[in-house]
Amino acid sequence: MNRILFVNGQVFDGAGTPPAPADVVVRGDRIESVRPRPGGDMAAEPGDQVVDCAGATVMPGLVESHAHLTFPSAA
């Protein structure tokens, strides 16, 4: 299974700490590793897709947590 490498980004993990420079490796639908920079440089393998995230923030998927639901009794 090919990997996607997100490199040169600021990683925000939602744990309450500020974003930090790191590379993220995704294989299939799972985060395989997060490697802090400098020193965590990830070498691309044949077939890898490399996404340069310079100037961007890399973060886990978001869930829309605010919604207005309409109930039959809300009329």
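The following legends describe close-up views of a predicted model.

**Figure 1. Overall architecture of the all-strand protein, with 0 helices and 5 strands.** Along the sequence, the elements follow the order β-β-β-β-β. Of the 75 residues in the protein, 21% are buried. The accessible surface amounts to about 5700 Å², and carbon and sulfur atoms contribute 58% of that area. Among contacts with a separation of 6 or more, 51% are made by residues 24 or more positions apart.

**Figure 2. The largest nonpolar core, a set of 6 residues.** The members of this core are Val11, Ala22, Val24, Val26, Cys53 and Val58. Strand 2, which spans residues 20-27, provides 3 residues and is the main contributor to the core. Cys53 is shown with its contacts to Phe6, Val7, Asn8, Gly9 and Val58, a list that leaves out residues up to four places away in sequence. Val58 is thus both a contact of Cys53 and a fellow member of the core.

**Figure 3. Surroundings of Ser33 in strand 3.** The strand that holds Ser33 covers residues 30-36. Ser33 has a relative accessibility of 17% and is therefore classed as buried, the cut-off being under 20%. The side chain of Ser33 makes a polar contact of 3.2 Å with the side chain of Arg35. When neighbours within four places in sequence are set aside, the contacts of Ser33 are Asp23, Val24 and Val25. One of these contacts, Val24, also belongs to the largest nonpolar core.

**Figure 4. The salt bridge between Arg37 and Asp23.** The closest N and O atoms of Arg37 and Asp23 lie 2.7 Å apart. This pair connects distant parts of the chain, with Arg37 in the loop between strand 3 and strand 4 and Asp23 in strand 2, 14 residues apart. Asp23 is buried because its relative accessible area is 1%. Arg37, by contrast, is partly exposed, since its relative accessibility is 27%. Asp23 is also in contact with Ser33, the buried serine of the preceding view.

**Figure 5. The salt bridge between Arg3 and Asp48.** A separation of 2.7 Å is found between the closest N and O atoms of Arg3 and Asp48. The two residues come from distant parts of the chain and are 45 residues apart. Arg3 lies in strand 1 (residues 3-11), whereas Asp48 is in the loop between strand 3 and strand 4 (49-52). Arg3 and Asp48 are both buried.

**Figure 6. The salt bridge between Arg27 and Glu32, with the wider set of ion pairs.** The side chains of Arg27 and Glu32 meet with an N to O distance of 2.5 Å. Arg27 counts as partly exposed because its relative accessible area is 30%. Glu32 is likewise partly exposed, with a relative accessible area of 40%. Elsewhere, shared salt-bridge partners join Arg3, Glu45 and Asp48 into one network. In total, the model contains 4 salt bridges, including the pairs Arg3 with Asp48, Arg37 with Asp23 and Arg27 with Glu32.

How values were computed
Residues are numbered from 1 along each chain as its sequence is written. This is a predicted model: local features need pLDDT of at least 70, side-chain atom pairs count only at pLDDT 80 or more; totals for chains, interfaces and linings use all residues. Side-chain values use heavy atoms; hydrogens and water are left out. A nonpolar core is a set of buried Ala, Val, Leu, Ile, Met, Phe, Trp, Tyr and Cys residues joined through side-chain atoms within 4.5 Å. Buried means under 20% relative accessible area, exposed over 50%, partly exposed in between (1.4 Å probe, protein chains only). Helices (H or I, at least four residues) and strands (E, at least two) are DSSP runs, numbered from the N terminus. Contact means heavy atoms within 4.5 Å. Accessible areas come from the Shrake-Rupley method with a 1.4 Å probe; for residues, only the protein chains shown count as cover. A polar contact is a pair of N or O atoms within 3.5 Å; within protein, one must be able to donate a hydrogen and the other to accept it, and residues adjacent in sequence count only if both atoms are side-chain atoms.
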